[in-house]
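Open the model in your viewer and keep the selection panel at hand. The stops below go from whole chains to a single residue.

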Amino acid sequence: MSRARKLALVAGLTLLWLQLLFTVQAEERLKVVATFSIIGDFAQQVGGERIELHTIVGPNADAHVYEPRPADAMALARADVVLTNGLMFEGFLTRLIEASGTTGKTIALTEGADILRDPEGGHYHFYGDHAVFHEAPFDPHAWQSVANAKVYVENIASAFCEADENGCPLYTQNAIAYLAILDDLHKEVGQAIAAIPEGRRVAVVSHHAFRYFEDEYGVVFLAPQGLSTEAEATAADVASLIDGIREQRAAGVFAENISNPRLVEQIADEAGLTLGGTLYSDALSAPDGPASTYVELMRHNATTLSRVLASD
Amino acid sequence: MGRKPLSLTISLLVAGLASGSAQAHDDEATAWRLFIADHSEPVVHVFDAVEGKPLASFDIHGPASLYRSHNGEAVFAVQGSSDVVTAMATGIAFHDHGDHADIEIGEPRLTGTEIEGEYPVHFVEHQGHWAAFFDKEGVARIFRERDALAGSVEIREVDAGVPHHGVVVPYGDYDLVSEPHPEDPSNLPIGIRVQDRDGNQVGDLAECPDLHGEAATGNLMAFACATGLLIVRSSEGEPAIEHLPYADTLPEGKATTLVGGRGLQYFLGNYGPSSVVLIDPSEEEAFRLIQLPTRRVHFAVDPIRARYAYVFTEDGQLHQLDVLGGEITQSLRLTGPYSMDGHWRDPRPRVTVAGESVVVTDPLEGKLHLVDAASFEKTGELEVEDTPFSIVAVGGTGVVHDHDHGHGHDHDHDHDHDHDHDHDHDHDHDHSH
């Protein structure tokens with residue numbers, strides 16, 4: 001065999017090997033479904049290029065009232081790992097999992113997090129002239145505390161390691177690096193809120209998505225809606241909120257990226273306040289927005305609160 | 001106006017229907033009811049689908065197409081040839097919240113509400129409001145379901161201009177109104193205009209040549225046109241309409257009947273005589289065509305097993321359609337042939353889903369066929385006198401709340417709960433003109 005032919009053979013075999021390697025790597029990507037965008041970001045931070053991610057409820061969308069598409073069920077059917085928040089946050093999930101027939105492992109990422117009880121303990125549904133109370137004892141918005149977000153990340157790393165042993169060193173390494181970023185973020189948010197004069201740390205939002213933020217960083221949030229955007233605010237809720245704003249001297253009213261701002265605009269108007277901007281509660285922004293990752297989301301919320309509440 | 005109990009014989013009671021017992025757990029109950037209109041007699045029969053027994057029969061004015069409301073509290077009999085829509089309370093109110101459900105069970109009854117007008121055909125619900133469009137007047141009469149159940153409605157009229165085969169959808173503070181064909185209103189409408197409550201048009205006409213067929217799935221609405229679908233989304237409380245053209249890959253054709261998915265957001269439509277089309281407006285490839293072995297008679301979605309829909313074809317077969325795979329997964333012969341030759345309103349089978357059973361009317365044999373939805377095997381038949389035709393089912397499994405003890409809450413307000421709004425109906429006629 002001539003030298004040239006040998007070289008051609010070696011080159012050909014190398015190319016074939018690389019193609020095979022690429023194919024195997026592509027096939028081995030862990031198929032992950034995240035129920036909403038914030039969890040999707042956590043999953044991407046931990047999984048990097050080794051996972052194939054499908055996020056069900058995308059940027060600026062409201063998981064409380066989401067209606068799944070056939071494509072979501074198809075992604076679930078293929079999934080190795082399904083990452084959920086749990087605590088009844090994703091009302092659509094049970095039926096979607098059933099429709100998909102998925103055999104992927106479903107993980108509730110709030111497992112092990114420091115969970116707040118809902119002081120109201122649930123919400124009402126109204127049928128004609130009567131009301132029905134539904135118990136929902138826990139507040140699901142746990143990611144609004146960075147300390148809890150770290151638990152989500154640790155749970156994701158464990159789930160990925162269990163499902164893909166070979167990828168575990170990478171997942172662990174990514175998770176450690178990201179947890180360090182979250183530590184810094186926690187300090188940064190704390191400092192931004194500490195800069196607000198104590199008497200001005202009261203804000204109004206449209207639904208109770210920020211109680212973990214309140215608990216962790218010391219801003220009080222008032223809201224006309226409860227823990228879910230599904231149960232609508234009543235005239236009585238709004239009237240009581242206006243009283244609360246006056247009593248507690250709320251210094252800012254904020255829209256939420258997942259909600260129609262009309263209600264909070266009306267509240268701001270009645271309370272003699274102006275709308276202070278948009279906070280990101282249950283979803284990231286679009287990629288070109290100010291909160292396209294969890295870190296940006298928390299940073300944006302902290303600086304927006306700090307800027308508006310601290311100013312006269 | 002209860003009718004004398006009919007001598008309805010139950011030839012075989014079905015494991016499938018009976019499998020959901022009336023009281024499943026401590027405070028949980030399962031109840032399903034079938035409402036069946038006759039093809040030529042002015043009557044609606046009500047069956048307890050769990051027990052397989054007749055519950056009631058109601059005299060109405062003429063043959064009817066039946067429509068159920070989203071929460072199942074009301075069934076309406078649209079009697080085109082008798083110029084009236086009659087409201088019935090099903091006695092069952094089912095509220096599905098995804099992670100849990102509530103159910104209330106009482107007696108079925110005529111509520112006393114009747115909406116009169118010349119030739120009602122298209123009948124549409126949106127968030128607890130219904131619009132009956134009276135073709136020979138070109139007027140829609142809109143009322144609240146809650147009032148219809150209470151027996152006294154306040155009617156709001158929307159005048160579409162001229163008599164035509166039209167539709168109006170009450171959409172919050174707006175109405176979506178069909179635009180009649182400008183040269184010949186006996187042709188199908190040419191689009192949808194948005195009107196405010198004063199009747200002023202908002203924005204441009206959304207063009208939709210040969211408009212016929214509408215449905216809702218979750219918070220999406222769609223109208224079928226010769227060129228594609230009009231998709232209506234709520235944009236900060238206002239309707240935002242977008243045209244979704246048929247894909248180039250589809251053969252020549254159009255949809256004229258749509259139903260909306262329950263539990264999954266999609267539309268299922270007819271497309272040509274021997275196929276159906278699955279439509280997911282959020283996908284780049286929004287249309288998936290499914291060929292059928294013969295011409296299609298009727299189709300329905302499964303509100304419980306969201307993955308499936310059912311299509312009945314003229315060779316007497318019921319087909320299970322996998323919405324995810326986009327293919328027919330099982331077929332079962334149930335009836336003799338029902339040719340699609342002849343008039344669109346000739347008596348032919350209709351399909352609905354009641355709990356664990358798919359139920360198919362067999363008008364010429366005077367019976368219902370019951371098919372277990374899980375195994376897709378026939379489990380029994382119910383005999384119904386005369387010519388059972390249009391059929392809807394209401395019910396579910398949910399928690400029964402005792403309103404007298406403990407759950408009452410002093411919310412002094414008028415609260416419209418934002419349910420989504422698809423409904424079963426059998427208005428399945430092709431308009432080829």
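The tour takes each chain in turn and then a surface patch.

This is a predicted model, in which local features need pLDDT of at least 70, side-chain atom pairs count only at pLDDT 80 or more, and totals for chains, interfaces and linings use all residues. Residues are numbered from 1 along each chain as its sequence is written, chains are lettered from A and ligands numbered from 1 in the order in which they are written, and side-chain values use heavy atoms, without hydrogens and water.

Select chain A and colour by secondary structure: ten helices and ten strands appear (DSSP runs of H or I, at least four residues, and of E, at least two, numbered from the N terminus). Of its 312 residues, 52% are buried (under 20% relative accessible area, 1.4 Å probe, protein chains only). About 14000 Å² of chain A is exposed, with 52% of that from carbon and sulfur atoms.

Next, select chain B, which has two helices and 35 strands. Buried residues make up 59% of its 433. Its exposed area is about 16300 Å², 45% of it from carbon and sulfur atoms.

Now select E265(A), D173(B), E236(B) and E238(B), which form a negative surface patch. Patch residues have over 30% relative accessible area and no salt bridge, with like charges joined within 9 Å; a salt bridge would put a side-chain nitrogen of Lys or Arg within 4 Å of a carboxyl oxygen of Asp or Glu.

Finish on E238(B), in strand β22 (residues 238–245) of chain B. E238(B) counts as partly exposed because its relative accessibility is 39%, and partly exposed runs between the buried limit of 20% and the exposed limit of 50%.

How values were computed. Patch = residues over 30% accessible without salt bridge, like charges linked within 9 Å, V, L, I, M, F, W, Y side chains within 5 Å. Areas by Shrake-Rupley, 256 points an atom, 1.4 Å probe, with all protein chains shown as cover. Lys, Arg positive; Asp, Glu negative; His and termini not counted. Charge placed at Lys NZ, Arg CZ, Asp CG, Glu CD.
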